[in-house]
Amino acid sequence: MTIRFRGQPVSPFMLFLLPATIFTVAIFLAPLGAVVMRSFFDQGFSFDKYHEVLGSKLFYKVLWNTIVISVTATCVTLVLAYPMAYHLARQPARRRTLYMIMIMLPFWTSILVKSYAFMIILGQNGIINSVLGMADIPKVTLIYNRVGVIIGMVHFLIPFVLFPIFTSLLQQNPNLRNAADTMGAGRWRIFFRITLPLSMPGVLAGSLLAMIQSLGFFITAALLGGRGDLMIANLIDFYTREVLDWGTASAVAVLLLLLTGSVLLVLGRFAGGMGRMGKTL
Amino acid sequence: MLRMNAQPFSVAALKAGLSTNGSMAVKFSKKLTSDVQRSSSSRRTFLKTSAFGLASLAAPAVLGVRKASAAEPLVVASFGGSWAAAMTEAFHKPFTEETGIEVIVTDGADLAKAKAQVQTGKIEWDIVELATGWLSSGDREGLWEEVDTSVVDVTGTAEGSQYKNAIGHCTYSGCFAWNSEKFGEGKHPANWIDFWNTDKFPGRRGMMTRITGNLEYALMADGVSPKDLYPLDVERGFAALDRIKEHVNIWVNAMPQTVSMLQNDEVDFCSSAIGRVYAAQKAGIPLDYSKEMALIETGKIAILKGSSKKDAAMQHLAFAMRPDRQLAFAEIIGYAPTKLEGIAAMPDHLKALNPDPESPMNAFNNEFWWEPRLLELTKRFKEWQLS
């Protein structure tokens, strides 16, 4: 017996996807549907909630904040993660495993706990300022402002960006570099002409992951940010818990979903294209 | 930590949770575990029990509560921390001793969750401790049962402390605090006018991230008499807030944090609540607070609409209105009773702690002025913060 879908034979192993599908539909898609419904239906169908959100200055300010914070965090993460991935890809296998465990360590801690740890590290009398104080350098404000938010987010995002880049670096054929070397190319030229272009799919995939996660960040902005660091997720929290306006909260959530979706579409298409390019090279 | 992860959307609750050790949830799940174990001790039961125990540890405490309703204990949704501990000592424990009705305290009282319970009809809480604004917002949504005054004696209480759908069992006050070792006599602001005077009292300021309270403080700082605050002059208040904005280094999300901000020297003068400072002082932290221009507020409790244990809950409310219990609560945490008899019986050190509601220098919070404007003003405040 062959199962067919649109005329194509489907592997019976596809059945094993069923539990995951049911799970996703039940605990993700169904509530999501409820949120979408709630944003349109209050007393009968209307776009009122969207009118309200899109007509409020608060929303645009928060939207702009979210985009600026997300782009900044993604760029900083890229700059930090790339050299790490590069270094990691050039380690012997055993040491690489050790390093990878070290990179994964933050994953074992919840983002909330990490945020509290940052309060201890970055505070006025925190570890960093104490060390600066010993060296007679004036204190720096690293927390309860934009800097704090970016530090917290970058710390969380690094593995998401590092691993795609690392994988694409690892997949590169070392002979390409050797050939370039033989032909007399310097180390920088090899990097910019061969290694970097070939790793672009990884860079884009990593940026995509980082960007999408950043757009929905909540705890970090709430705990490490200052007065100007309200993000969209915090706005949803505000409508949900502080003013109990769940319709508006749902409308903001749907708009956030659209934003994330469009980033995924644009960057994803770009990353996909680059991926094919990487293969043909 | 597990419990905190289970409710990632409630920052305030999370922050409040930090100051607790989660002992209540743990105690509760131990109780559950032992209940189940008593029935049988076969291997299968043991397995079930341990799974159940683990689940109730990992899940929010609320989840397990429903399962235990066979014994019909009252479930109180609390702010947690030192507050919940004091509530337990002064009210819940003696209530159980007297009536035999058990009381389970669950942290993470939250208006959105209360609304969700009423809307879905799955009532998990019987009694809810109310933060500022919850009574009026909840009234609008129909979340609270009316107080039955034939059961609950609300006579002989401080004026304005009792409500149709909630009792006021204590009063607490907003103030600002500072490190008393760093700022001695005369070195710190004494009232909100001084707090706004950044030339005379230079230093980093901390304020709460909410418009309620801040608007009152701003108006008092601008010269409005504490007794003539309401109706609040919103424009004048925001204009006054404009002047302090750049001097506020930290906007604090949750009240317990105000104390740690001062303790960690993140700010010099921070908006706080007298009870929090009192608890810190008792713990040996050198803090002091302003005694002029306090904003006095009532600590309120309400019964969640649709509670199946409404009668027992009403009994509990009546118990919380007993002067001796309110006095016991004041002894533990410092918040004054609402029963006049209890107020009169306060020892001197508690009287000194609490601002005199009769004094022309202190104000009374009016959350019913806020209710119809809260949404609009909160939005305006958020916008103001972002600009």
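**Exercise 1. Contacts along chain A**

Task: Among contacts in chain A between residues at least 6 apart in sequence, what percentage joins residues at least 24 apart?

Solution. Start with the contacts in chain A whose partners are at least 6 apart in sequence; 72% of them join residues at least 24 apart. Keep in mind as you work that this is a predicted model. Next, add the setting: chain A has 12 helices and 4 strands. Its C-alpha trace spans about 75 × 75 × 30 Å along the principal axes.

**Exercise 2. Two chains, side by side**

Task: What percentage of the residues counts as buried in chain A, and what percentage in chain B?

Solution. Step one: chain A has 281 residues, and 43% of them are buried. Step two: chain B has 387 residues, of which 58% count as buried. Step three: look at the surface. Chain A exposes about 15700 Å², with 71% of that supplied by carbon and sulfur atoms. For chain B the exposed area is about 16000 Å², and carbon and sulfur atoms supply 53% of it. To round off chain B, note its 19 helices and 10 strands. Among its contacts with a separation of 6 or more, 74% come from residues 24 or more positions apart.

**Exercise 3. A pair of helices in chain A**

Task: Are α7(A) and α9(A) roughly parallel or roughly antiparallel to each other?

Solution. Here is the idea to begin with: two packed helices are described by the angle between their axes and the distance between the axes.

1. Find the helices: α7 of chain A covers residues 146-171, and α9 of chain A covers residues 187-215.
2. Take the distance and angle: the two axes come within 8 Å and cross at roughly 150 degrees.
3. Apply the cut-off: angles over 145 degrees count as roughly antiparallel, so α7(A) and α9(A) are roughly antiparallel to each other.
4. Add the handedness: the crossing of α7(A) and α9(A) is right-handed.
5. Look at who meets whom: the α7(A) side includes Met153(A), Phe156(A), Phe160(A) and Pro164(A), while the α9(A) side includes Leu198(A), Gly202(A), Val203(A) and Leu209(A).
6. Sort by class: the contact of α7(A) with α9(A) has 13 nonpolar, 7 polar and no charged residues.

**Exercise 4. Another helix pair**

Task: Are α5(A) and α6(A) roughly parallel or roughly antiparallel to each other?

Solution. Use the recipe again. Helix α5 of chain A (residues 111-122) and helix α6 of chain A (residues 127-134) have axes that come within 4 Å and cross at roughly 15 degrees. Angles under 35 degrees count as roughly parallel, so α5(A) and α6(A) are roughly parallel to each other. The residues making the contact are Ile120(A), Ile121(A) and Leu122(A) on α5(A), with Ile127(A), Ile128(A) and Asn129(A) on α6(A). By class, this contact of α5(A) with α6(A) has 5 nonpolar, 1 polar and no charged residues.

**Exercise 5. Backbone surprises**

Task: Which bond joins Tyr230(B) and Pro231(B), and is Asp136(A) buried or exposed?

Solution. A reminder comes first: most residues other than glycine have a negative phi, and most peptide bonds are trans.

1. Tyr230(B) and Pro231(B) are joined by a cis peptide bond, with omega about -5 degrees. Pro231(B) sits in the loop between α10 (214-221) and α11 of chain B.
2. Asp136(A) is not a glycine, yet its phi is positive, about 60 degrees. Asp136(A) lies in the loop between α6 and α7 of chain A.
3. Tyr144(A), also not a glycine, has a positive phi near 65 degrees. Tyr144(A) too is placed in the loop between α6 and α7 of chain A.
4. Now check the cover. Exposed means over 50% relative accessible area and buried means under 20%. Asp136(A), at 71%, is therefore exposed, whereas Tyr144(A), at 11%, is buried.

**Exercise 6. Two residues of chain B**

Task: Which residues does Leu241(B) touch, not counting residues up to four places away in sequence?

Solution. Leu241(B) is in helix α11 (residues 234-245) of chain B. Its relative accessibility is 0%, so Leu241(B) counts as buried. Leaving out residues up to four places away in sequence, Leu241(B) touches Trp196(B), Ile211(B), Asn214(B), Leu215(B), Ala218(B) and Trp384(B). Leu241(B) and Phe381(B) are 140 residues apart in sequence, while their C-alpha atoms are 9.9 Å apart in space.

For practice, repeat the steps with Glu367(B), which lies in helix α18 (residues 367-370) of chain B. Glu367(B) has 4% relative accessibility and therefore counts as buried. Beyond residues up to four places away in sequence, Glu367(B) touches Thr132(B), Gly133(B), Trp134(B), Leu135(B), Ser136(B) and Lys300(B).

Note on methods: Residues numbered from 1 in each chain as written. Chains lettered and ligands numbered in written order. Predicted model: local features only at pLDDT ≥ 70, side-chain atom pairs only at ≥ 80, totals over all residues. Heavy atoms only, no water. Axes fitted to C-alpha atoms, helices over the stretch in contact; angles between N-to-C directions. Helix = DSSP H or I, 4+ residues; strand = E, 2+ residues; numbered from the N terminus. Parallel < 35°, antiparallel > 145°, perpendicular 65-115°, else oblique. Left-handed = near helix turned anticlockwise from the far one by under 90°. Contact = heavy atoms within 4.5 Å. Nonpolar A, V, L, I, M, F, W, Y, C, P; charged D, E, K, R; others polar. Buried < 20%, exposed > 50% of the residue type's maximum accessible area, 1.4 Å probe, protein only. Areas by Shrake-Rupley, 256 points an atom, 1.4 Å probe, with all protein chains shown as cover.
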